[in-house]
Amino acid sequence: MNLVAESLALVGRVTWLWLAAVYRAVAPVGLQSRKDVTGWLALVTGAGSGVGRLLALRFAHLGCRVVLWDVNQEGNQATADLIKEAVPGAQVWTYTVDLARRDNIYTAAKQVKSELGDVNILVNNAGIITGCSLLDNDDHLNIKTMEVNALSHLWAVKCFLPGMLRRNRGHVVTVASTAGLFGVPGMVDYSVSKFSAVGLSECLRMELIKRGKTGVKTTVVCPGYIDTGMFRGFKYRFPLLMQELKPTYVADKIIEAVQTDQQMLCLPRMVYMLLMIKGIVPVSVCDALAEFTGVLNTMDDFVGRKND
Ligand SMILES: NC(=O)c1ccc[n+]([C@@H]2O[C@H](COP(=O)([O-])OP(=O)(O)OC[C@H]3O[C@@H](n4cnc5c(N)ncnc54)[C@H](O)[C@@H]3O)[C@@H](O)[C@H]2O)c1
């Protein structure tokens, strides 16, 4: 095809994709086609509490067989019990896995594959935060944050993607954060790890397109503050601008995103607007806006899970 014909085809394709994206953004989810994941094997990391637990429960409700990975054996078992009670006949398996250890991930992945078969939906959800400024943070905590929030995603994808590619069917969900789109003081290592998670999802999407494996989908999730306890003490200066999110709402939106093959999910919606502003205004203006909106002080009273 010559360049003119290629460009015309691109204009047509881009117009169609724009219209489809606008439809997806405004049409009630009930009107949109959703993929059927009944019988799919869904693996959720960090399933022992918070958003991970709720996601696992929702996947079970959708008829998925569910694999729970967490370093916290008790929390993981509590999620399994909850699922069995809420969804009679649900198939659920727990594995105690420390995502900071690559050997743990590889061993557990091998076990899952030999005991249960290929994973169809991988949700890289587990995360930790130290909540210190860069100079106050210990190196080993920086490293652990990167291992759990970023590197574990790479290892898990490497373990489970080949099975998805073989069938040209699957979904990789990356739970990142708005801190993976905007730098926030008081959580430098966390933010670095989440930028990395966002980057991984984008690169993976590109690799899948390049391989022609369009049946394997990706979703990157960038939520603001969620009321799970992980970010206890975090505060917005203008809560009307950026509302605190309920974990159930976040889990529902992630499930919708998986069912409708949405590549990027930002919550609340205001984050899309902030991202656009960041893309078009000078950095100095962004910094002034961040100062005014209180971004510099969101972590001043951070406690997190220290007292849990
Ligand atoms: N809570 C928020 O405000 C918020 C905002 C944006 C993004 N997120 C992201 O959402 C995800 C879920 O957060 P949450 O609020 O449900 O947190 P949470 O603390 O309730 O759950 C995190 C889970 O990860 C597990 N985990 C921690 N370290 C692990 C390790 N080394 N190996 C295996 N499992 C480990 C924990 O045991 C826990 O069950 C995280 O990736 C987090 O960064 C959270």
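The ligand site, two helix pairs and two local backbone features are described below. The structure is a predicted model, in which local features need pLDDT of at least 70 and side-chain atom pairs count only at pLDDT 80 or more, while totals for chains, interfaces and linings use all residues. Residues are numbered from 1 along each chain as its sequence is written, and side-chain values use heavy atoms, with hydrogens and water left out.

The ligand is surrounded by 30 residues, a residue being counted if one of its heavy atoms lies within 4 Å of the molecule. The closest are Asp70, Asn125, Tyr190, Thr228 and Arg305. By class, the shell holds 16 nonpolar, 10 polar and four charged residues; Ala, Val, Leu, Ile, Met, Phe, Trp, Tyr, Cys and Pro count as nonpolar, Asp, Glu, Lys and Arg as charged, and the others, Gly among them, as polar.

Polar contacts to the ligand (pairs of N or O atoms within 3.5 Å) include one from a polar backbone atom of Val51, 2.8 Å from a ligand oxygen atom. A polar side-chain atom of Asp98 is 2.9 Å from a nitrogen atom of the ligand, and a backbone N or O atom of Leu99 also lies 2.9 Å from a ligand nitrogen atom. The protein buries 95% of the 830 Å² that the ligand exposes when taken alone (accessible areas by the Shrake-Rupley method with a 1.4 Å probe). The elements giving two or more residues to the shell are α2 (50–61) and α6 (188–211); helices (H or I, at least four residues) and strands (E, at least two) are DSSP runs numbered from the N terminus.

Both α2 and α6 can also be described by their packing against another helix. The axes of α2 and α3 (residues 73–86) come within 10 Å and cross at roughly 30°, with axes fitted to C-alpha atoms over the stretch in contact and angles running from 0 to 180 degrees between N-to-C directions. This makes α2 roughly parallel to α3, a term for angles under 35 degrees. Helix α5 (residues 139–167) packs on α6 at about 15°, with the axes 8 Å apart, and these two helices are therefore roughly parallel as well. The crossing of α2 and α3 is right-handed, as is that of α5 and α6; in such a crossing the near helix is turned clockwise from the far one by less than a right angle.

Two loops carry the backbone features. In the loop between α5 and β5 (170–175), Asn168 has a positive phi, near 50°, although the residue is not glycine. The peptide bond from Leu267 to Pro268 is cis, with omega near -10°, and Pro268 is found in the loop between β7 (264–267) and α8 (270–280).

Key: A polar contact is a pair of N or O atoms within 3.5 Å; within protein, one must be able to donate a hydrogen and the other to accept it, and residues adjacent in sequence count only if both atoms are side-chain atoms. Angles under 35 degrees count as roughly parallel, over 145 as roughly antiparallel, 65 to 115 as roughly perpendicular and the rest as oblique.
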